[in-house]
Amino acid sequence: MDDKDCAIINLLKDNSRLSNSEIGRILRVSEGTIRKRISKLQSTGVIRKFTIRTGLEGVDGIVLVRTELKKSQEVVAKIKESFDEVYEFSGRVDIAVRVNCNNLDELNTVVNNIREIEGVRNTDTLIRLN
């Protein structure tokens with residue numbers, strides 16, 4: 001990855017709706033160059049997903065998960081099937097999952113679903129206040 005790739009990523013982070021032509025104009029390279037670079041960034045896993053952020057109200061939370069040692073990788077894989085932001089740690093917490101729900105009842109359901117995964121020992125939920 002070079003400076004041009006980093007510039008493309010930063011532009012897409014700010015506005016993922018920019019066309020390849022618009023990015024090319026900003027960076028002063030051809031649309032084809034941008035298309036090829038984005039394709040390579042996707043195929044190598046640098047860009048995993050294009051997404052949106054909404055202004056909708058809801059409940060943001062982080063679910064801290066402790067796992068059975070021998071089941072840790074299986075738990076991570078299962079959680080990654082359902083959530084985009086999953087982080088692995090060493091220490092008292094094994095996994096952190098960022099979740100956004102419409103309300104507390106929905107968050108509670110999500111947490112209960114995580115607790116039901118085989119190999120999950122315990123969870124703690126942090127709710128963002130504002």
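## The loop between α2 and α3

R28 sits in the loop that joins α2 to α3. In this predicted model, the phi angle of R28 is near 60 degrees, a positive value in a residue that is not glycine. Some background helps here: most residues other than glycine have a negative phi. R28 also counts as exposed, because its relative accessibility is 77%.

## Helices on either side of the loop

Now for the two helices that this loop connects. Helix α2 covers residues 20-27 and helix α3 covers residues 31-43; their axes come within 8 Å and cross at roughly 110 degrees. That angle makes α2 roughly perpendicular to α3. On the α2 side, the residues that meet α3 are N20, S21, I23, G24 and L27, and their partners in α3 are E31, I34, R35 and I38. Sorted by character, the residues of this contact divide into 4 nonpolar, 3 polar and 2 charged.

Helix α3 also packs with helix α1 (residues 3-14), at an angle of about 85 degrees and with the axes 11 Å apart. Here too the arrangement is a crossing one, with α1 roughly perpendicular to α3. From α1 come K4, D5, I8, I9 and L12, while α3 brings I34, R37, I38 and L41. This contact of α1 with α3 holds 6 nonpolar residues, no polar ones and 3 charged. I34 and I38 of α3 take part in the contact with α2 and in the contact with α1 as well.

## A closer look at I9

I9, a residue of helix α1, is worth a stop. Is I9 buried or exposed? I9 is buried, because its relative accessible area is 15%, under the 20% cut-off. Leaving aside neighbours within four places in sequence, I9 is in contact with M1, L41 and V46. I9 and I47 are 38 residues apart in sequence, yet their C-alpha atoms are 8.1 Å apart in space.

## Two nonpolar cores

Which residues have the most contacts inside the largest nonpolar core? They are V65, I79, F83, I95 and V97, in a core of 18 residues. The elements that give two or more residues to this core are β1, α4 (72-80), β3 (95-101) and α5 (104-115). Another core, of 11 residues, lies apart from this one, and I8, I9, L18 and I47 are among its members.

I95 gives a good view of the surroundings in the largest core. Not counting residues up to four places away in sequence, I95 touches V63, L64, V65, T67, V75, V76, I79, V86, Y87 and F89.

## L64 in strand β1

One of the residues that I95 touches is L64, which is found in strand β1 (residues 59-67). L64 counts as buried, because its relative accessibility is 18%. Beyond its neighbours within four places in sequence, L64 is in contact with V93, I95, A96, N122, T123, D124 and L126. L64 and R92 are 28 residues apart in sequence, and 9.6 Å separates them from C-alpha to C-alpha.

## Salt bridges

How many salt bridges does a search of the whole structure find? The search finds 10. In one of them, D60 pairs with R128, and the closest N and O atoms are 2.5 Å apart. This pair links distant parts of the chain, with D60 in strand β1 and R128 in the segment after β4 (120-127), 68 residues apart. D60 is buried, with a relative accessible area of 11%. D60 and R128 are also linked with E85 and R98 in a network of salt bridges.

Strand β1 takes part in another salt bridge through R66, which pairs with D124 at 2.6 Å between the closest N and O atoms. Here strands β4 and β1 are linked, because D124 lies in β4 and R66 in β1, 58 residues apart. R66 counts as buried at 19% relative accessibility, whereas D124 is partly exposed, with a relative accessible area of 33%. D124 is also one of the residues in contact with L64.

The salt bridge between E81 and K78 has its closest N and O atoms 3.8 Å apart. E81 counts as exposed at 62% relative accessibility, and K78 is partly exposed, with a relative accessible area of 43%.

Terms used: Residues are numbered from 1 along each chain as its sequence is written. This is a predicted model: local features need pLDDT of at least 70, side-chain atom pairs count only at pLDDT 80 or more; totals for chains, interfaces and linings use all residues. Side-chain values use heavy atoms; hydrogens and water are left out. Axes are lines fitted to C-alpha atoms, for helices over the stretch in contact, and angles run from 0 to 180 degrees between N-to-C directions. Helices (H or I, at least four residues) and strands (E, at least two) are DSSP runs, numbered from the N terminus. Angles under 35 degrees count as roughly parallel, over 145 as roughly antiparallel, 65 to 115 as roughly perpendicular and the rest as oblique. Contact means heavy atoms within 4.5 Å. Ala, Val, Leu, Ile, Met, Phe, Trp, Tyr, Cys and Pro count as nonpolar, Asp, Glu, Lys and Arg as charged, and the others, Gly among them, as polar. Buried means under 20% relative accessible area, exposed over 50%, partly exposed in between (1.4 Å probe, protein chains only). A nonpolar core is a set of buried Ala, Val, Leu, Ile, Met, Phe, Trp, Tyr and Cys residues joined through side-chain atoms within 4.5 Å. A salt bridge is a side-chain nitrogen of Lys or Arg within 4 Å of a carboxyl oxygen of Asp or Glu.
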